[in-house]
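Visitor: I should like a close look at one part of this model, set in the context of what surrounds it. Please define each term with its cut-offs as it arises.

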Amino acid sequence: MKAADIILKGCIRSHTPTNGGEIGAASTPLAALAPAIGSGRLPSMTNASGTGTERPRHADEAVPAAKRPTPPVQHAGPAARVENLRLRYPGEDTPLLFKGLSLTIERGQKVLLLGPSGCGKSTLLQVLGGLVPAAIRIPMKADCCLVPARPGYVFQDPDSQFCMPYADEEIAFALENAGIAREEMPARISRCLEAVGLCLADPHFPVAGMSQGMKQRLAIAAMIAMEPDALLLDEPTALLDEEGTRQVWSSLRSVWGGRTVIIVEHKIAGIAEDMDRVIVFGPDGSIQADGSPRLVFREHRELLREYGIWYPGFWEDYDRNAAIRPAATAPSSGVRSAELLLELDGLEGWRGGRPKVRTGPLAVNAGDWIAVTGVNGAGKSTLLLAIMKLIKTKGSLYIPGIPVQSLKKPGDMAKHAALSFQNPEFQLVTDSVLDELAYSLPRSLREPERSSRARTLMENYALDGLGGRHPYQLSMGQKRRLSVATAMVGGQRLLLLDEPTFGLDASGTVRMMEQLERLRSGGCAILMITHDPELVRRFATRQWLVDGGLVAERSGGTACI
Amino acid sequence: MHLTFSHRETWLHRVNPTLKLAVSVLLFVAALFVHNPNVMALLAAASLLPLLATGHPPLRVLLYASPFLLVFISSASGMIMFGTGATLWFELGLIRITEESFYRGLHLGLRSLQVAAVGLAFALTTRPVALFYSLMQQLRMPSKYAYSFLAALNMVPLLADEFFTLRQALQIRGAGPGRKGIYGRLRMYALPLLAQSIRRAQRTAAAMEARRFRSGSGKRTYYYVYGWSRIDALYAVSIAALWLLAWLLGTHYPLLAATDVR
């Protein structure tokens, strides 16, 4: 570690500000800022450039770009390297996460790390950036561990990356840590925001008022503010919708310049083709494939499919091999005699004293798989909450054979409809998977049947062997399936899902969809919020579009969004 | 979920936050040594005065101040009705109002009012960010504590959102067997919320470290710099003047018969 720092310090510290695309051009450090600071302060500018205080420069030194040190992309040599890495999570019987992994990433290379969930690629990213073991203490050993001098990170969760309430303050936090002079901060802040395409009239913009995509772009801006030589991104788009994902990738492309970039991500559409190198890890943390994206996606498809990783053309392959033929594409769909399960007419969901969403006359029949689509904030989740009567509603909601008076409370609705939230953890209330399933079974059910019912459910939802686990110890896909299983225990025939495939890898997504298809063909109706056009096209039989708070059937099939 | 409300910046916002905090704390303590209800009444009135200069719309200030009435009544009534005293005014069962207990209760209510008003004026004119920056600069508060507090404050609205989602989720799942009583319910809420918060705190800490936040070592610069200005002097002088005025008027021109409630 120490040796690595020393090796890299000399060559990196001095030229970091010159290597970025737009940023580099804008931050030609001293010449551009000298007028802003004022000539009276010139002596103090020697350590105000933020590029390291150990090498004082005078203002008159800051002249033509040609005289500045060459950007790192032209240097050969590694940006990060580990040799014979061994690492395990703290705990008694945890297996080794890496057993002698060796990996070198060249300076300026754009690398994508892929692997099944739980293979340790996020941890490896933290090792490569020096966050493990310096900041996050995980026991590790390596013969050689070389990390970039100035790594910059973007993490997965947009809501937990910020410690300040306003955008400018957040970037200023990074600048303060680097010891940048206060006079320089406003100019740098607006430059960073511009570079990632966040056009705020006033940089003093509340983070809480931003969309998730904007927050991730702010995280990129804060990373760029530190003038890093390597950008490390840990699933930066996993919790974003399509639009946010596009924004993040375009921001990243516009700032990465000649810097080293290492990305861990499973939603790779929109970024894979820009990478120089793709590395695929196996479930045991070993490298299974390593090469250009074209090579890896052509030669190692089988591997990627086996590991449940998205790759270009995944759905085409799925269509060829699928065990279950989704209703949307099956020729026989629509033959079933329609049995009405739910009827809405002018149902309004209220929030904050105002109607937030309103439906037209809509009917849901058994065997329907309805995709609820629309932009962020249109009111899709509010619609599901309104149907469940979890918020104030007006207008009519009708379920055949049930008097309207006994559909007023969430507890009443829960007898007929099940809702699975986006974060399944909120729905899980016991200490083990088995208890979780037994919890919702009818109270009249007595013992041997009770646990045998729970066991059958575990088999049906591909959770066998996990009965004793704490629900929080499951993978995301398993938690989701468990939350659907517990929601449907009471024999409900109407299932509402808020983005059931959010944050899942390919195999998790396919499993969830096939599970839902089994429910649908068994006579249930499914209402599913999703942003994924591939899912809508493949699995949904109908589509509701929520636009500006109005819910309407989208006619003309489900072919496109 | 937003916890900030738009308002105008006034001169009270520009007072050094550390000074404002110190003065407010001083006022809380000083109020404990006032025993003349005449002075206390004027002090309470004087403490309500700065609320008009907070830059928030008067109606909203009134809304924020509405619990004060409750504070006043609850703290005063207990003492008035059940306190001891020699000069009996009224008696009904357990309730026994005497002259002494009446003035003592009134005094207590006025004191609560004063403390509440000072606290509200401070809260309405001080952003947490400003307070912690000022504490780091004026009182050398270690940056690791200051930024930890700020990061924690950022999580409060998220925690509130999560609480509402959790409540909805539990409403749907209903109460199963063996999950009854306050303990069971507390557990159902506390466990998931704690689990989420701990994980979020870990992630935030990692993100802060990744921005090269090093606790202790190295010098930091500050985006906001707080120092001293004439406004601070104006603030200190006007608060002192208000107190002096209240004390003089209260002692020399008493409106109430009682001058010492001890």
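Guide: The account below begins with one helix and then moves outward to the rest of the model.

This is a predicted model, in which local features need pLDDT of at least 70, side-chain atom pairs count only at pLDDT 80 or more, and totals for chains, interfaces and linings use all residues. Residues are numbered from 1 along each chain as its sequence is written, while chains are lettered from A and ligands numbered from 1 in the order in which they are written.

The part chosen is helix 18 of chain A, residues 506–521. Helices (H or I, at least four residues) and strands (E, at least two) are DSSP runs, numbered from the N terminus. Helix 18 of chain A has 16 residues and spans 22 Å from its first C-alpha to its last, close to the 22 Å expected at 1.5 Å a residue; the expected span is 1.5 Å times one less than the number of residues. Just after helix 18 of chain A, Gly523(A) adopts a positive phi of about 105°.

A residue is buried if 20 or more other C-beta atoms lie within 10 Å of its own, exposed if 12 or fewer, and partly exposed in between, with C-beta atoms placed from the backbone. The buried residues of helix 18 of chain A include Ala506(A), Val510(A), Met512(A), Met513(A) and Leu516(A), and also among them are Arg511(A), Glu517(A) and Arg520(A). Their cover includes helix 12 (314–321), helix 17 (476–487) and helix 19 (533–539), together with strand 14 (369–373) and strand 18 (525–529), of chain A.

Helix 12 of chain A also appears where two domains meet. Chain A is divided into domain 1 (73–77 + 104–137 + 148–319) and domain 2 (340–553), the bounds coming from an automatic or database domain assignment. Their C-alpha centres lie 33 Å apart. Two residues are in contact if their C-beta atoms, placed from the backbone, lie within 7 Å; 15 residues of domain 1 of chain A are in contact with eleven residues of domain 2 of chain A. Helix 12 of chain A supplies the largest share of the domain 1 side, three residues. That side divides into eight nonpolar, five polar and two charged residues, where Ala, Val, Leu, Ile, Met, Phe, Trp, Tyr, Cys and Pro count as nonpolar, Asp, Glu, Lys and Arg as charged, and the others, Gly among them, as polar.

A nonpolar core is a set of buried Ala, Val, Leu, Ile, Met, Phe, Trp, Tyr and Cys residues joined through C-beta atoms within 7 Å. In the largest such core, of 169 residues, Leu113(A), Ala221(A) and Leu496(A) touch the most other members. Helix 8 (residues 212–225) of chain A gives the largest share of this core, nine residues. Not counting residues up to four places away in sequence, Leu496(A) touches residues including Leu384(A), Ala417(A) and Leu527(A).

For chain A as a whole, there are 19 helices and 20 strands, and buried residues make up 49% of its 561 residues. Among its contacts with a separation of 6 or more, 72% come from residues 24 or more positions apart.

Finally, 39 residues of chain B are in contact with 45 residues of chain A. On the chain B side, helix 7 (143–173) and helix 8 (181–210) of chain B are the elements that give two or more residues, and helix 7 of chain B gives the most, with 13 residues.
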